[in-house]
Amino acid sequence: MIDVTEQKQRVAVIGGGISGLAAAFYLQQEAKEKKLPLEIVLIESSHRLGGKIQTVRKENFIIERGPNSFIDNNSSMAKLVKDLGIEDQLIRSEAGQTYITVNEKLYPVPAGSILGIPTKLSSFLASDIVSWSGKVRATCDLWFPRSRVQEDQPLGKFIRRRFGKETVENIIEPLLLGISAGDIEQLSLQATFPELIEMEKEYRSLMTGMKKALSETSHDDSKSIEERSFQTFINGLETLIEALEGRLIDTTILKSVKVESIAKAAHQVTLSLNNKTSIAADAVILATPHLITQKMFAKQGLLQNLQDIPLATVATVSMAFPIEAMDESFNGSGFTVARNSDFSITSCSWIHRKWPAFVPEGYALLEVYVGRSGDEAIVDLSDGEIEKIVLQDLNRVTPLKGSPLFTVVSRWKEAMPQYTVGHTQRVELVKQELYKHFPTMKLVGSSYEGTSLPNCVDQARSAVDELLIKLFE
């Protein structure tokens with residue numbers, strides 16, 4: 001057993017994805033700035049750090065296996081990037097028209113749509129993506145009363161009440177869910193888009209509320225670019241992981257080591273590892289996927305409610321082509337697919353237009369997502385079969401000439417947490433249960449309070465602040 005260093009408090013961070021890395025970094029930073037007697041150990045079960053963030057640098061192409069960018073609404077990523085000293089490597093996506101595929105036809109997203117909700121009525125009414133009866137039904141949002149439902153409800157039920165079936169299926173659902181693979185009829189309104197609840201309370205109409213929010217953002221020059229553009233790094237998102245790992249000079253990092261169980265031991269906890277050793281710690285930040293976290297407490301029978309958070313399976317398919325293989329008539333930067341369309345793909349980004357720095361001159365790179373909640377069988381097919389299906393779907397929308405130069409298929413099996421109705425309450429009960437038995441433990445990560453990279457960083461920072469108060473109060 002590794003003993004706790006005399007006079008120092010040891011904090012173990014379990015999980016080396018973005019949540020765990022951010023937690024370890026901020027623990028190290030706080031210890032240095034405030035001269036805290038702290039010892040930090042980061043434990044990761046795989047041979048590498050970064051979790052779902054995986055960048056492939058192949059033949060001068062930058063290919064992301066997992067997430068490829070982020071929107072920094074709360075400036076949490078801006079702070080982390082500044083602390084790491086890599087601001088000069090940040091790049092923003094090029095502006096481009098997004099389309100939605102409905103019944104094999106591409107429609108441009110109406111100008112002024114935010115999360116699919118119209119803010120420019122003239123653009124929405126001029127669009128052909130929704131019938132005139134659907135448009136009339138959608139504008140009822142301007143007069144409909146506020147919802148009387150107090151408890152959590154499905155996201156689909158809430159927005160369909162305001163805008164009607166057709167507008168939700170053809171515009172709002174594809175843009176709201178994007179690549180999340182979720183089922184709008186199962187997802188929690190409270191956990192996924194709580195801002196819509198507040199907007200309805202304040203303005204009654206979501207169209208009015210979105211227009212007001214857009215107007216306020218447009219007048220704040222310091223935030224408008226940050227809040228409305230995607231960002232990444234010129235050499236790919238794994239730049240962030242490499243910078244974090246490089247800065248963890250005062251942190252002990254254990255790779256290919258798995259925590260099998262956690263138990264109380266006097267005033268500390270004991271982490272039993274798969275290499276037949278153990279670590280004693282004063283506090284723990286659990287940054288592992290929720291089902292893995294739950295298994296660590298199997299002997300105590302704790303955190304059983306974590307099993308009620310479902311997981312979806314998806315795959316990303318990146319394809320490189322000569323630029324002349326592209327359909328010249330398509331002027332967009334990508335498209336999403338309405339669920340009511342008969343397609344296996346859910347979205348496609350023209351990376352060479354969104355992120356030109358990722359692709360050599362004279363070439364094109366497409367990033368396609370397949371798989372969604374309730375429709376995941378395609379992910380189990382071979383790479384060749386997936387490539388064939390993807391090409392068939394793409395050719396129905398934007399014809400391609402020839403075969404790809406190469407294809408990179410990345411499978412994410414049971415990797416996308418789904419925030420179904422009641423999620424916020426379940427997570428709160430789980431955290432209360434954990435605190436009761438282990439008051440110096442914190443849960444962070446995409447399973448709990450947001451799946452985006454900034455959400456994960458925010459959770460890590462909050463957990464660090466709360467733990468240090470507990471340890472040194």
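In the predicted model described here, residue R162 is found in helix α5, which spans residues 155–163. R162 has a relative accessible area of 0% and is therefore buried, the limit for that class being under 20%. Setting aside residues up to four places away in sequence, R162 touches R137, A138, C140, D141, F144, P145, R146, E200, R204, S205 and L206. One of these residues, F144, also contributes a backbone oxygen that lies 3.1 Å from a polar atom of the side chain of R162. By contrast with these contacts, S127, which is 35 residues apart from R162 in sequence, is 19 Å apart from R162 in space, as taken from C-alpha to C-alpha.

An open sheet of seven strands is present in the model, with the order β7-β6-β15-β16-β17-β14-β18 and with mixed pairing. The edges of this sheet are occupied by β7 (105–108) and β18 (406–417), and because each of these has a single partner strand, one side of each is left without a neighbour in the sheet. On average, and with direction ignored, neighbouring strands of the sheet are turned by 20° against each other. In general, the strands of a sheet pair through backbone hydrogen bonds, in either a parallel or an antiparallel manner.

At the β7 end of the order, strand β6 (residues 98–102) pairs with β7 in the antiparallel sense, over four bridges, and Y107 in β7 is the bridge partner of I100. Two helices were examined in relation to this sheet. Helix α14 (residues 383–397) packs on the sheet and touches β6, β7, β14 (311–322), β15, β16 (345–350), β17 and β18, with a direction that makes about 70° with that of β14. Helix α6 (residues 165–177), for its part, lies across β6 and β15 (334–337), and runs at about 125° to β6.

Strand β17 merits a description of its own. This strand is mostly covered, in that seven of its eight residues are buried. With β14, strand β17 pairs in the antiparallel sense over eight bridges, and within this strand L365 is the bridge partner of A320. The pairing of β16 with β17 is likewise in the antiparallel sense, over five bridges, and here C348 stands opposite V368 in β17.

Two residues of β17 illustrate the surroundings of the strand. L366, which is found in β17, has 0% relative accessibility and so counts as buried. When its neighbours within four places in sequence are left aside, L366 is in contact with V317, S318, M319, F321, M326, C348, S349, W350, H352, L394 and L400. L366 and A320, although 46 residues apart in sequence, are 6.5 Å apart in space from C-alpha to C-alpha.

The second of these residues, E367, also lies in strand β17, which covers residues 363–370. E367 is buried yet has no salt bridge, and the nearest side chain of opposite charge, that of K354, is 6.8 Å away, whereas a salt bridge requires the relevant atoms to be within 4 Å. The side chain of E367 is nevertheless joined to that of N68 by a polar contact of 2.6 Å. With neighbours within four places in sequence again left aside, the residues in contact with E367 are E64, N68, V317, S318, S347, C348, S349 and I351.

A further open sheet is formed by three strands in the order β10-β11-β12, and its pairing is antiparallel. Strands β10 (259–265) and β12 (278–281) stand at the edges, and since each has a single partner strand, one side of each is left without a neighbour in the sheet. From one strand to the next, the twist averages 20°. Strand β10 and strand β11 (residues 268–273) run antiparallel and are joined by six bridges, and K264 stands opposite V269 in β11.

After β12, residue D282 is found in the loop between β12 and β13 (283–286). D282 is buried yet has no salt bridge, and its nearest side chain of opposite charge, that of R10, is 6.8 Å away. A polar contact of 3.2 Å joins the side chain of D282 to that of Q268.

Terms used. Residues are numbered from 1 along each chain as its sequence is written. This is a predicted model: local features need pLDDT of at least 70, side-chain atom pairs count only at pLDDT 80 or more; totals for chains, interfaces and linings use all residues. Side-chain values use heavy atoms; hydrogens and water are left out. Buried means under 20% relative accessible area, exposed over 50%, partly exposed in between (1.4 Å probe, protein chains only). Lys and Arg count as positive and Asp and Glu as negative; His and the chain ends are not counted. A polar contact is a pair of N or O atoms within 3.5 Å; within protein, one must be able to donate a hydrogen and the other to accept it, and residues adjacent in sequence count only if both atoms are side-chain atoms. Contact means heavy atoms within 4.5 Å. Two strands pair if DSSP finds at least two bridges between them. Axes are lines fitted to C-alpha atoms, for helices over the stretch in contact, and angles run from 0 to 180 degrees between N-to-C directions.
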